[in-house]
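Let's work through a few exercises together, with the structure open beside you. Try each task before reading the solution under it.

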Amino acid sequence: MRCKQARKYLSEYLDQELPSRLCRRIESHLETCADCAQEYLKLKAIRALTRNILIENPGPHFYNQVSSRLRESKSTRFVQKRRLLGAWSLIPVSTKALVTAGLAFLLFFTLVYPHLVTPTLPIEDFQQEYVRSRDVLPWGEQPSATIISFHSGRG
Amino acid sequence: MASTSDTVLVDRIKSGDEKSFQELVEKYQARVYSIILGMVQDKNDADDIAQEVFVRVYRFLHTFRGKSQFYTWLYRITMNMCINAKNGHRREKPSVSLSEPVDDRGTPLGSLLPSQDPLQLPLDNLTNTELGGRLQAAINSLPSDLKKTFVLREIDDLSYREMSRVLGCPQGTVKSRLFRAREELKQKLSPYLNLLEEK
């Protein structure tokens, strides 16, 4: 195995994510190549250092802090609901009735009314159009009659 | 399918068992906190975000149907919270080095001490040395996608398959990001790593 290929796999080798056959090839390469072995040791050192500085426990009272935060968030949501209900109860009855009626009116005419009304045909418009079209037809016949009488010598 | 113990805990929590919720929090708090710490670099922020993660877990546990591992779902919430924090939903704070102790005036002690020879220092003690600080800065300078993939892998040893589920990307992308993150870190830390090798 060449160095370029081995180095490509060192990261996965470190994470033990390579198939065993490829692992063995990497291992035998590392045994014979000092440079690649150095590169691998660098990766191991970075891993050890990272775990040393990053892996920590939060404070000893962590769960208690989570618990109080949960209680706070529960009571905050409860208070918000109460405030909404409280604000509604402060509105005068007449205004509440007006708002409710307005909403009901709007909903009725946008969602329900269109399905209740039967569509009607515009009969008068249709009749006018029909009569107008009959007036046009005599104009179409006249030029033919003139041509026929001309050819028969009467023109 | 979720692991048996997580499944049992989740079912009990859904039934209202608070003790089971405490057990779940204690089981995952270190991992969640460490992942967030790796992403946001500030202990106070990490603490705050970690608490918020578990509050969300409790509030939305009814939406978890058990089709994936519980920790996949948990880490997704964690990552999303970190992204929200990074996108400026939180007040920007100057990043504080996690590995450099400071004196009363806030001056890092490492700059006051005579230059430490890394060869003399065991790896266990590196949280208080310049190398730890450099590594922290190097991790922080990684592009966001590389950073979260790298941090997730180094904290929890998840397989590439599990990581692809958490991060919502193909396994090939996970492999590629880890490779690139490590190459970048190797480059940035090269002088320090060379010194350690000579030891």
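**Exercise 1. How much surface does chain A expose, and what share of it do carbon and sulfur atoms supply?**

Solution. The model you are looking at is predicted. Start with the total: chain A exposes about 12,300 Å². Next, take the share, where carbon and sulfur atoms supply 61% of that area. To round off the picture of this chain, turn to burial: 23% of the 155 residues of chain A count as buried.

**Exercise 2. Describe the make-up of chain A.**

Solution. First, list the elements: chain A has six helices and zero strands. Read along the sequence, they give the pattern α-α-α-α-α-α. Then look at the contacts in chain A with a separation of 6 or more: residues 24 or more positions apart account for 48% of them.

**Exercise 3. At what angle do helices α1 and α3 of chain A pack, and which residues meet?**

Solution. Begin with the geometry. Helix α1 (residues 3-14) of chain A packs against helix α3 (residues 34-54) of chain A at an angle of about 25°, and their axes are 10 Å apart. Angles under 35 degrees count as roughly parallel, so α1(A) is roughly parallel to α3(A). Now the handedness: α1(A) passes α3(A) in a right-handed crossing.

Finally, the residues. From α1(A) come C3(A), R7(A), L10(A), S11(A), Y13(A) and L14(A), which meet D35(A), C36(A), E39(A), Y40(A), L43(A), K44(A) and R47(A) in α3(A). Sorted by class, this contact of α1(A) with α3(A) has seven nonpolar, one polar and five charged residues.

**Exercise 4. Give the same kind of overview for chain B.**

Solution. Count the elements: chain B contains nine helices and zero strands, running α-α-α-α-α-α-α-α-α from the N terminus on. Of its 199 residues, 46% are buried. About 10,100 Å² of chain B is exposed, with 47% supplied by carbon and sulfur atoms. As for contacts in chain B with a separation of 6 or more, residues 24 or more positions apart account for 64%.

**Exercise 5. How do helices α2 and α6 of chain B cross, and which residues meet?**

Solution. Take the axes: those of helix α2 (residues 18-40) of chain B and helix α6 (residues 144-156) of chain B come within 9 Å and cross at roughly 145°. The crossing of α2(B) and α6(B) is right-handed. On the α2(B) side, R31(B), S34(B), I35(B), G38(B) and M39(B) meet K147(B), K148(B), V151(B), L152(B), I155(B) and D156(B) in α6(B). By class, the contact of α2(B) with α6(B) divides into five nonpolar, two polar and four charged residues.

Key
Residues numbered from 1 in each chain as written. Chains lettered and ligands numbered in written order. Predicted model: local features only at pLDDT ≥ 70, side-chain atom pairs only at ≥ 80, totals over all residues. Heavy atoms only, no water. Axes fitted to C-alpha atoms, helices over the stretch in contact; angles between N-to-C directions. Helix = DSSP H or I, 4+ residues; strand = E, 2+ residues; numbered from the N terminus. Parallel < 35°, antiparallel > 145°, perpendicular 65-115°, else oblique. Left-handed = near helix turned anticlockwise from the far one by under 90°. Contact = heavy atoms within 4.5 Å. Nonpolar A, V, L, I, M, F, W, Y, C, P; charged D, E, K, R; others polar. Buried < 20%, exposed > 50% of the residue type's maximum accessible area, 1.4 Å probe, protein only. Areas by Shrake-Rupley, 256 points an atom, 1.4 Å probe, with all protein chains shown as cover.
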